[in-house]
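This report describes one protein chain, with attention to its aromatic rings and its surface charge. Please consult the sequence and the structure shown here while reading.

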Amino acid sequence: HLNVGYGELLSFWERVEALSDDVWFVNNGDFVDGTGLMSGGDDGGDEIGSLVPLIEKMPFDAVNCGNHELYESSVVDSMTRPGGYVDW
């Protein structure tokens with residue numbers, strides 16, 4: 001168990017990426033719930049609305065949608081809106 005946030009994760013990624021071009025930065029899903037990287041806040045129940053702008057800036061090479069993302073259609077809508085987290 002690592003006690004890190006997205007800032008530490010990005011810093012770690014930048015250090016690893018500097019060592020090799022053969023490394024992928026993959027979001028393996030369940031970023032909405034089921035991970036220590038998601039800290040629930042008092043934002044009126046719209047935790048994903050608070051989280052998506054942050055993770056949109058992460059340089060992920062690939063994204064997997066986990067089961068926690070599929071519980072609410074609003075989460076999928078936030079992930080797939082044009083220009084959003086997953087830019088189809």
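How many aromatic pairs does the structure hold? The structure holds 2 aromatic pairs, where rings of Phe, Tyr and Trp (its six-membered ring) pair if their centres lie within 6.5 Å, and planes under 30 degrees apart count as stacked, over 60 as edge-to-face and the rest as tilted.

## Basis of the model

This is a predicted model, in which local features need pLDDT of at least 70 and side-chain atom pairs count only at pLDDT 80 or more, while totals for chains, interfaces and linings use all residues. Residues are numbered from 1 along each chain as its sequence is written, and side-chain values use heavy atoms, with hydrogens and water left out.

## Overall fold

The protein chain contains 3 helices and 2 strands; helices (H or I, at least four residues) and strands (E, at least two) are DSSP runs, numbered from the N terminus. Along the sequence, these elements follow the pattern α-β-α-β-α.

Of the 88 residues in the protein chain, 27% are buried. Buried means under 20% relative accessible area, exposed over 50%, and partly exposed in between (1.4 Å probe, protein chains only).

## The aromatic cluster

A pair of aromatic rings is described by the distance of the centres and the angle of the planes. Trp 13 and Phe 25 form a stacked pair, with 4.8 Å from centre to centre and 10° between the planes. Trp 13 belongs to helix H1 and Phe 25 to the loop between H1 and strand E1 (26-27), so this pair ties together parts that are 12 residues apart in sequence. Both Trp 13 and Phe 25 are buried.

Phe 25 also forms a stacked pair with Phe 60, at 4.7 Å centre to centre and 25° between the planes. This pair links distant parts of the chain, 35 residues apart, as Phe 60 is in the loop between helix H2 (47-55) and strand E2 (62-63). Phe 25 counts as buried because its relative accessibility is 6%; Phe 60 is buried with a relative accessible area of 17%. Ring pairs thus link Trp 13, Phe 25 and Phe 60 into a cluster.

## The loop between H2 and E2

Met 58 is placed in the loop between H2 and E2. At 8% relative accessibility, Met 58 counts as buried. Its C-alpha atom is 9.5 Å from that of Asn 27, and the two residues are 31 apart in sequence.

## Negative charge on the surface

Which residues gather in a patch of negative charge on the surface? They are Glu 14, Glu 17, Asp 21, Asp 22 and Asp 61. Patches are made of residues with over 30% relative accessible area and no salt bridge, like charges being joined within 9 Å; a salt bridge is a side-chain nitrogen of Lys or Arg within 4 Å of a carboxyl oxygen of Asp or Glu.

Glu 14 lies in helix H1 (residues 6-19), as does Glu 17. Glu 14 counts as partly exposed because its relative accessibility is 46%, and Glu 17 counts as partly exposed at 38%. The C-alpha atoms of Glu 14 and Pro 59 are separated by 9.7 Å, although these residues are 45 residues apart along the chain.

How values were computed. Patches are made of residues with over 30% relative accessible area and no salt bridge: like charges are joined within 9 Å, nonpolar side chains (Val, Leu, Ile, Met, Phe, Trp, Tyr) within 5 Å. Accessible areas come from the Shrake-Rupley method with a 1.4 Å probe; for residues, only the protein chains shown count as cover. Lys and Arg count as positive and Asp and Glu as negative; His and the chain ends are not counted. The place of a charge is taken as NZ of Lys, CZ of Arg, CG of Asp or CD of Glu.
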